[in-house]
Amino acid sequence: MRRLYINTIGCQMNVYDSDQIERVLAPGGYTRTAQLDEADLVVVNTCAIRAKAEQKAFSFVGRLAKLKKRRPGLIVAVGGCVAQQEGEKILSRAPQVDLVFGPKAIPRLGRLVERVRLQGMRLVDIEASDAVAELDLTSGFRDDGQVSRFVTIMQGCDNFCTYCVVPYVRGREASRHPDRILEEIRLLVAGGVREVTLLGQNVNSYGLKEQWGSFVALLAQVDRIDGLDRIRFTTSHPKDLSDHLIDAFGRLDKLCAHIHLPVQSGSDRVLKRMNRRYTREVYLERIARLRQVRPDMAITSDFIVGFPGESDTDFEQTLSLLDEVAFDGIFAFMYSDRSVAPAAGFDAKIDDAQKKARLQALLQHQEAFTLAANQALVGRMQEILVEGFSTRPGLAEEPSARRQWSGRTPGNKIVNFDQELDCTGGETVRPGLMVGVRIEKAFSHSLWGRPVWVEEKPGGIKGETCHAA
Ligand code: 5AD
Ligand code: SF4
């Protein structure tokens with residue numbers, strides 16, 4: 001048996017790709033380990049979206065030089081978007097690296113690793129055809145008890161936002177055939193998965209080029225899969241968020257009431273320079289429509305601060321957008337130049353101190369909204385899909401702390417709760433079950449509650465179910 005260690009950096013797309021890497025290497029005898037020291041093959045699955053992610057990849061690759069000295073047979077492979085972007089250069093810069101492969105080379109990875117292992121070659125495979133890279137779905141699925149999984153439905157992006165590297169490294173938009181997607185989800189469900197998140201850079205344009213029907217049509221088909229309970233998707237581009245898709249939130253039972261809708265800035269001037277192709281007004285109108293269809297809709301977003309030319313007034317407009325929307329949560333990033341993206345050549349760059357100050361101000365401004373959104377759930381019942389034990393930092397160090405279960409609400413909020421049911425006292429909770437939890441406390445990043453009922457599922461540990469809610 002050979003040991004495979006994968007370091008996944010960056011987005012959910014890479015989490016999915018890392019699973020694919022694991023599957024494609026399984027027939028070669030590789031099983032995944034969490035122990036770097038015992039690995040025979042290390043794969044660094046890199047992300048190029050921001051300078052920081054890229055630095056993280058290179059510093060990890062740097063550390064592997066020492067490990068390789070101690071374990072000469074170790075194979076080091078660098079994959080993902082930085083690999084796609086840098087290619088050969090990684091081999092010359094880092095002698096400890098044996099293989100560089102792009103996201104589209106994943107189906108060929110088994111053969112590439114064997115050539116490195118048996119012939120001692122150093123290889124680069126960054127061929128970037130527009131075709132979707134498909135794997136054989138029938139082999140290599142791992143049943144590791146995960147109840148929620150990502151499923152990529154399309155690759156690449158055609159939008160060319162001026163700050164973004166994705167269209168250059170992941171290529172043009174290409175959708176997977178709906179039959180492949182549905183087959184993959186059915187296999188996951190057969191292995192115990194109850195929630196899927198459909199992934200694409202711009203899911204709204206799923207299947208349009210290929211004339212395979214719309215994203216909404218795909219959602220409706222996924223909604224009909226027996227045994228699947230929850231559907232999420234990410235990411236939706238505000239310019240393409242159709243009424244049809246918004247209406248699907250009111251129609252499809254399994255579609256969770258949460259949308260991640262990256263806005264990036266609250267200033268029309270900045271949005272224009274970013275080539276986002278919507279205005280603040282259009283964005284606000286989409287939010288209003290979403291809330292009309294689903295008043296309980298959780299809305300999250302991405303922001304970039306310090307985009308070239310962003311003035312104090314532009315930034316104030318971003319702050320005022322937070323007031324107008326009252327997001328459930330946000331992700332905010334300091335703009336960083338990506339050399340292949342047009343904004344790298346824009347003038348009026350913002351200095352680092354200014355970017356840091358704006359990032360802090362933005363996050364601080366949002367804090368109260370995030371907390372308020374969490375507090376609004378206190379006293380209410382929420383259906384939680386149990387994912388496992390809580391990994392809340394510091395929990396393990398509290399000697400008196402009992403292990404707490406953790407799962408998410410349909411709105412994607414993390415809820416932790418104790419083992420025992422209020423009314424049965426039995427330990428009936430386990431990952432993969434739906435539990436009704438009455439929310440009692442709200443924090444800034446999670447909620448705490450008391451379980452009131454646990455669904456009874458064939459194969460589960462029998463427990464008295466209490467519907468006292
Ligand atoms: N600099 C900073 N943030 C970026 N993002 C994408 N490109 C950059 C960049 N060059 C952010 C956007 C996007 C998220 C995934 O990463 O907010 O939505
Ligand atoms: Fe990048 Fe814009 Fe495409 Fe998103 S929509 S991946 S930000 S180019």
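Two strands are taken to pair if DSSP finds at least two bridges between them, and this criterion is applied throughout to a model that is predicted.

**Exercise 1. Describe the closed barrel and trace the pairing on either side of strand 16.**

Step 1. Begin with the strand order: the closed barrel consists of 5 strands, running 15-16-17-19-18, and its pairing is mixed. From one strand to the next, the twist averages 50 degrees.

Step 2. Take the pairing with strand 15, where strand 15 and strand 16 are antiparallel and share 4 bridges. Within this pair, Phe 389 stands opposite Trp 405 of strand 16.

Step 3. Turn to the pairing with strand 17: strand 16 (residues 405–408) and strand 17 (residues 414–417) are also joined by 4 bridges and run antiparallel. Here Trp 405 has Phe 417 of strand 17 as its bridge partner, while Phe 389 is the residue opposite Trp 405 on the side of strand 15.

Step 4. Finish with the connection, since strand 16 and strand 17 form a hairpin with 5 residues between the strands, in which Asn 412 takes a positive phi near 75 degrees.

**Exercise 2. Explain why strand 2 and strand 6 each have one side without a neighbour in the open sheet.**

Step 1. Write down the order of the open sheet, which has 6 strands arranged as 2-1-3-4-5-6 with parallel pairing.

Step 2. Read off the edges: strand 2 (30–32) and strand 6 (123–125) each have a single partner strand, and therefore one side of each is left without a neighbour in the sheet. Neighbouring strands of this sheet are turned against each other by 20 degrees on average, direction ignored.

Step 3. Examine the edge at strand 2, where the pairing with strand 1 (residues 2–8) is parallel and extends over 3 bridges. In this pair, Arg 3 stands opposite Thr 31 of strand 2.

**Exercise 3. Determine where the largest cavity lies with respect to domain 1 and domain 2.**

Step 1. Start from the search of the whole structure, which finds 4 cavities of 30 Å³ or more. The volume of the largest cavity is about 200 Å³, and its lining comprises 19 residues, of which Tyr 16, Asp 17, Pro 103, Ala 133 and Gln 155 are closest to the centre.

Step 2. Consider the composition of this lining, which by class has 8 nonpolar, 4 polar and 7 charged residues. Helix 1 (residues 12–25) provides the largest share, 4 residues.

Step 3. Draw the conclusion: because domain 1 (2–125) and domain 2 (143–256) both contribute residues to the lining, the largest cavity lies between them.

**Exercise 4. Characterise the lining of the second largest pocket and the shell around ligand 2.**

Step 1. For the second largest pocket, the volume is about 510 Å³, and among the 27 lining residues, Ala 257, Asp 296, Met 297, Ala 298 and Gly 411 lie nearest its centre.

Step 2. Assign the contributions: domain 2 (143–256) and domain 3 (381–454) each supply at least three residues to this lining, and helix 13 gives the most, with 3 residues. Helix 13 (352–375) and strand 15 (381–389) each supply at least two.

Step 3. Count by class, which gives 13 nonpolar, 3 polar and 11 charged residues for the lining of the second largest pocket.

Step 4. Treat ligand 2 in the same manner: the residues around it include Cys 157, Cys 161, Cys 164, His 237 and Arg 276, and the shell has 7 nonpolar, 3 polar and 1 charged residues.

Key:
Residues numbered from 1 in each chain as written. Chains lettered and ligands numbered in written order. Predicted model: local features only at pLDDT ≥ 70, side-chain atom pairs only at ≥ 80, totals over all residues. Heavy atoms only, no water. 1 Å grid on protein atoms, 1.4 Å probe; cavity = no way out; pocket = protein on both sides within 12 Å on 5 of 7 lines; lining within 4 Å. Points joined across faces, edges and corners; volume = space filled by probe spheres on them. Nonpolar A, V, L, I, M, F, W, Y, C, P; charged D, E, K, R; others polar. Domains from an automatic or database assignment. Near = heavy atom within 4 Å. Axes fitted to C-alpha atoms, helices over the stretch in contact; angles between N-to-C directions.
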